[in-house]
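Here's a quick briefing to read alongside the model. Have the sequence and the 3D view open and follow along.

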Amino acid sequence: MTSELERPPLQADERTALIGWLDLQRQILRWKCEGLSDEDAHRPVIPTSPVMTMAGLISHMRWTEHMWLEVLFLGGDEK
């Protein structure tokens, strides 16, 4: 990763804090996936847990963000 990860301010309003921590988590995932081939992204990270892959983690984070932010907080469509 070319730039350092920057933590959001500890003293901030709710929106700034939430967006800051989400951005940090996105940066970390992007950093962890840099340079991975498609095969590596779908390779289990933990041998005893075959569904724990980087691609699976990205998918989980995408749906978690969608449900919490777009559906629950903003009242959007679940699809």
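Helices (H or I, at least four residues) and strands (E, at least two) are DSSP runs here, numbered from the N terminus. With that in hand, Glu-65 sits in helix 3, in a protein that has three helices and zero strands. This is a predicted model, so local features need pLDDT of at least 70 and side-chain atom pairs count only at pLDDT 80 or more, while totals for chains, interfaces and linings use all residues. Residues are numbered from 1 along each chain as its sequence is written, and side-chain values use heavy atoms, with hydrogens and water left out.

**Overall build**

- Reading from the N terminus, the elements run α-α-α.
- The protein's radius of gyration (taken over C-alpha atoms) is 15 Å, whereas a compact globule of 79 residues would come in near 12 Å; that globule rule is 2.2 Å times the number of residues to the power 0.38.
- Along its principal axes, the C-alpha trace spans about 40 × 35 × 20 Å.
- Just 15% of the 79 residues count as buried, where buried means under 20% relative accessible area, exposed over 50%, and partly exposed in between (1.4 Å probe, protein chains only).
- About 6,600 Å² is exposed, with carbon and sulfur atoms supplying 58% of it; accessible areas come from the Shrake-Rupley method with a 1.4 Å probe, and for residues only the protein chains shown count as cover.
- Take the contacts (heavy atoms within 4.5 Å) between residues at least 6 apart in sequence: 26% of them join residues at least 24 apart.

**Helix 1 and its ends**

- Helix 1 covers residues 14–33, so to speak 20 residues, and reaches 29 Å from its first C-alpha to its last, close to the 28 Å expected at 1.5 Å a residue; the expected span is 1.5 Å times one less than the number of residues.
- Which residues of helix 1 are buried? They are Gly-20, Leu-22, Leu-24 and Leu-29.
- Those buried residues pack against helix 3, which runs over 54–73.
- At the N-terminal end, Asp-13 acts as the cap: one of its side-chain oxygens lies 3.3 Å from the backbone nitrogen of Arg-15.
- Just past the other end, Gly-35 takes a positive phi of about 80 degrees.

**Salt bridges**

- How many salt bridges turn up in a search of the whole structure? The search finds three, taking a salt bridge as a side-chain nitrogen of Lys or Arg within 4 Å of a carboxyl oxygen of Asp or Glu.
- Arg-26 pairs with Asp-23, with the closest N and O atoms 2.9 Å apart; both lie in helix 1, three residues apart, about one turn of the helix.
- Arg-26 counts as partly exposed because its relative accessibility is 32%, and Asp-23 gets the same label at 33%.
- Arg-26 also bridges to Glu-65, where the closest N and O atoms are 2.5 Å apart. Glu-65 is in helix 3 and Arg-26 in helix 1, so this pair ties together parts that are 39 residues apart in sequence.
- Arg-43 and Asp-40 form a salt bridge too, at 3.7 Å between the closest N and O atoms. Shared partners join Asp-23, Arg-26 and Glu-65 into one network.
- Arg-43 is partly exposed at 47% relative accessible area, and Asp-40 is partly exposed at 29%.

**Around Glu-65**

- The Glu-65 side chain makes a polar contact with the Arg-26 side chain at 2.5 Å. A polar contact is a pair of N or O atoms within 3.5 Å; within protein, one must be able to donate a hydrogen and the other to accept it, and residues adjacent in sequence count only if both atoms are side-chain atoms.
- Setting aside neighbours within four places in sequence, Glu-65 is in contact with Leu-22, Arg-26 and Glu-70.

**The loop between helix 2 and helix 3**

- Pro-44 is in this loop, and so is Ile-46, with helix 2 spanning 38–41.
- Pro-44 is partly exposed at 33% relative accessible area, and Ile-46 is partly exposed at 40%.
- Not counting residues up to four places away in sequence, Pro-44 touches Ser-49, Pro-50, Met-52 and Thr-53.
- Pro-44 and Ile-19 are 25 residues apart along the chain, and their C-alpha atoms are separated by 30 Å.
- Ile-46 and Leu-74 are 28 residues apart in sequence and 35 Å apart in space, C-alpha to C-alpha.
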